[in-house]
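I opened a fresh notebook page today to look up a few things in a protein model. Here is what I wrote down as I went.

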Amino acid sequence: MKVCVFCGSSMGKDVRYREAAEHLGEVLAQHDCTLYYGGGNVGLMTIIADKMLEKGKEVIGIIPKQLVTMEVAHFGVSKLIEVDSMAERKDMLIKESDAIIAMPGGFGTLDELFEIIVLNQLRYTNKAVALYNTLNYYDSLVNFIDHAVDQGFIREEHRNNIIISDNPETLFNELSKHKSIDINQWIKDIKEESIER
């Protein structure tokens, strides 16, 4: 399986984030996965990349040329692909991978996460998506999504299609069992809501 991991260019304040990144790398390596990631040699992204490399697994980094000039590229990965923009990197990471895991991260990670969720929702793609909820990092985000479901702006089946766990083995198993959601019922429902207003 080709797994894309979105993760922070920072390490986080708690050493357990780094340990979690290593643990995820070990699990993906045990299942003979190929890692696709943002191509950096900083933050949690270099931790998981180095762990996969240590285990002898293929690591593909995709990084904008501007970040290469800033000296944050990981030249020790199996293959480093330089692209022109952040958008191109994101598109390629999503296209080339079979499944997506979002580790703790900042604005970039959130941007990548919501991009794939929306693409799945509109059926431009059909990739399993998981939140690696280390130290309950994503609890507040999940609570907000649940609030949006309660208020009728996010459908429950779309929320439930996001796999959430702090256990890498559970994440991998759930990613492997992913099934797509029927888009037709959602489109039918939102059309009816608009007519009934």
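**Ground rules.** I call a residue buried when its relative accessible area is under 20%, exposed when it is over 50%, and partly exposed in between, using a 1.4 Å probe and protein chains only. This is a predicted model, so I keep in mind that local features need pLDDT of at least 70 and side-chain atom pairs count only at pLDDT 80 or more, while totals for chains, interfaces and linings use all residues. Residues are numbered from 1 along each chain as its sequence is written, and side-chain values use heavy atoms, with hydrogens and water left out.

**Entry 1: Ala87.** My starting residue sits in helix H4, residues 86-96. Helices (H or I, at least four residues) and strands (E, at least two) are DSSP runs, numbered from the N terminus. Is Ala87 buried or exposed? Neither label fits: its relative accessible area is 41%, so Ala87 is partly exposed. I also looked up Pro64, which is 23 residues away from Ala87 in sequence and 9.0 Å away in space, C-alpha to C-alpha.

**Entry 2: the whole chain.** I stepped back for an overview. The protein chain has 9 helices and 7 strands. Its C-alpha trace spans about 55 × 35 × 30 Å along the principal axes. For 197 residues, a compact globule would have a radius of gyration near 16 Å, and the 17 Å of this chain agrees with that. The radius is taken over C-alpha atoms, and the globule rule is 2.2 Å times the number of residues to the power 0.38.

What share of the residues is buried? I found 44% of the 197. About 10,400 Å² of the chain is exposed, and carbon and sulfur atoms supply 49% of that. Such areas come from the Shrake-Rupley method with a 1.4 Å probe; for residues, only the protein chains shown count as cover.

Next I looked up contacts, meaning heavy atoms within 4.5 Å. Among those between residues at least 6 apart in sequence, 68% join residues at least 24 apart.

I tallied charges too: there are 21 positive and 31 negative side chains, and the centres of the two sets lie 3 Å apart. Here Lys and Arg count as positive and Asp and Glu as negative, with His and the chain ends not counted. Each charge is placed at NZ of Lys, CZ of Arg, CG of Asp or CD of Glu.

**Entry 3: Val83.** Pro64 turned up again here. Val83 belongs to strand S4, residues 79-83, and is buried at 2% relative accessible area. Its C-alpha is 4.7 Å from that of Pro64, with their positions 19 residues apart in sequence. Beyond neighbours within four places, Val83 contacts Ile62, Ile63, Pro64, Lys65, Glu88, Arg89 and Met92.

**Entry 4: Lys51.** I was curious about a charged residue. Lys51 is in helix H2, residues 43-54, and its relative accessible area of 10% makes it buried. Which side chain does the side chain of Lys51 meet in a polar contact? I found Glu54, at 3.3 Å. A polar contact is a pair of N or O atoms within 3.5 Å; within protein, one must be able to donate a hydrogen and the other to accept it, and residues adjacent in sequence count only if both atoms are side-chain atoms. Leaving aside neighbours within four places, Lys51 also touches Glu22, Gly25 and Glu26.

**Entry 5: Leu131.** This leucine lies in strand S6 and is buried at 2% relative accessibility. Not counting residues up to four places away, its contacts include Ala102, Leu113, Tyr138 and Val142. Leu113 is 18 residues from Leu131 in sequence, and their C-alpha atoms are 8.8 Å apart.

**Entry 6: two positive phi values.** Most residues other than glycine have a negative phi. I therefore noted two residues here with a positive one. Glu71 has a phi near 65°; it is in the loop between helix H3 (65-69) and S4, and is exposed at 68% relative accessibility. Leu135 has a phi of about 55°. The place of Leu135 is the loop between strand S6 (128-132) and helix H6 (139-150), and it is partly exposed at 34%.
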